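Hi everyone, thanks for coming. Let me put the structure up, and then I'll walk you through a few spots in it.

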Amino acid sequence: MALIKVENLSMGFTRDKGDGKPSTVDVLDKLKVDIDAAEFCVIVGPSGAGKTTFLRAIQGLITPTSGTVHVNDVLVKGPQRDCGYVFQGFGLLPWRTVQANVEFGLEIRDVARPRRKEIAAKYIDMVGLRGFESHHPHELSGGMQQRVGIARALAIDPRVMLMDEPFAALDAQTRENMQSELLRIQSRERKTMIFVTHSIDEAVFLADRILVFTKRPSRIREVVRVTLPPERWLDPEGLRARPDFVSLRLHIARLLKGLEA
């Protein structure tokens with residue numbers, strides 16, 4: 001059943017070129033897609049194709065030029081309490097501890113302090129950071145900081161997790177570990193995930209479906225269904241060596257070929 005329905009979504013931005021004649025930059029062009037509850041949907045496409053803009057439209061942070069977004073059958077008209085957001089740059093508050101960062105969204109929602117501590121402890125444990133509750137972001141590795149970001153997003157119990165290249169700043173080994181960790185968490189939490197990446201390997205490893213965006217103004221060039229085994233984190237190296245993984249990776253690469261030009 002579709003949890004998110006995007007209908008003919010178009011987005012353009014007006015900019016001043018400095019000559020007193022504003023121009024419109026068209027970013028998204030009549031996107032139409034349904035995303036099911038508990039689906040892991042990954043978006044790939046050229047730089048500047050509007051992938052982040054698409055996430056922001058679902059979050060309700062920007063108003064479409066035309067078209068609509070519905071989340072759980074409700075028209076998106078503003079910021080969504082049902083959506084958690086994980087950023088590429090971690091987005092942690094440097095003066096707050098791990099515990100306080102994870103509690104932040106709950107604090108904004110006026111959750112009582114004892115309950116905040118209980119919920120934060122659950123998700124800190126889930127992302128493997130028990131014992132680091134009193135540490136500040138500068139005392140953590142990049143991978144650990146991103147675990148805090150994921151725990152903070154999960155703590156508000158969103159139906160939808162929006163993830164904008166969350167592992168792009170990590171080294172290769174940490175990135176692969178975080179991919180496996182995210183799939184393990186998803187198997188427990190069953191959130192609807194929309195994940196932006198430039199890595200084809202990452203897209204194939206994580207996704208139930210991959211949306212391939214064209215160049216700006218972006219349309220969906222193809223929707224690719226991934227039928228790899230669900231418990232991929234159990235043997236990531238073996239999975240990446242499978243012929244069907246390699247075939248999917250090659251297919252996505254061919255779809256993207258020439259779009260960066």
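I'll talk about rings, then cysteines, then a couple of helices.

Quick note before we start: this is a predicted model, so local features need pLDDT of at least 70 and side-chain atom pairs count only at pLDDT 80 or more, while totals for chains, interfaces and linings use all residues. Residues are numbered from 1 along each chain as its sequence is written, and side-chain values use heavy atoms, with hydrogens and water left out.

Okay, rings. How many aromatic pairs does a search of the whole structure find? Four. A pair here means Phe, Tyr or Trp rings (for Trp, the six-membered one) with centres within 6.5 Å; planes under 30 degrees apart are stacked, over 60 edge-to-face, and the rest tilted. One of the pairs is Phe-40 with Phe-195, which is tilted, at 6.0 Å centre to centre and 45° between the planes. Those two sit 155 residues apart in the chain, Phe-40 in strand S3 (residues 40-44) and Phe-195 in strand S8 (residues 192-196). By the way, strands are DSSP runs of E, at least two residues, and helices are runs of H or I, at least four, numbered from the N terminus. Both Phe-40 and Phe-195 are buried, and buried means under 20% relative accessible area, with exposed over 50% and partly exposed in between, using a 1.4 Å probe and protein chains only. Together with Phe-167, they form one aromatic cluster.

Tyr-85 and Phe-87 are stacked, because their ring centres are 4.9 Å apart and their planes are at 25°. Tyr-85 is buried at 14% relative accessibility, whereas Phe-87 is partly exposed at 40%.

Now cysteines. How many disulfides does the structure hold? Zero, where a disulfide would be two cysteine sulfur atoms within 2.5 Å. For Cys-41, the nearest cysteine sulfur is that of Cys-83, 13 Å away. Cys-41 is buried at 0% relative accessible area, and Cys-83 is buried too, at 5%.

Cys-83 and Tyr-85 turn up again around Gln-59, which touches both of them, counting contacts more than four places away in sequence; contact means heavy atoms within 4.5 Å. Gln-59 belongs to helix H1 (residues 51-59) and is buried at 10%.

Last stop, helix H4 (residues 142-155). Why call H4 largely enclosed by the rest of the structure? Because 13 of its 14 residues are buried. After H4 comes Asp-157, with a positive phi near 55°.
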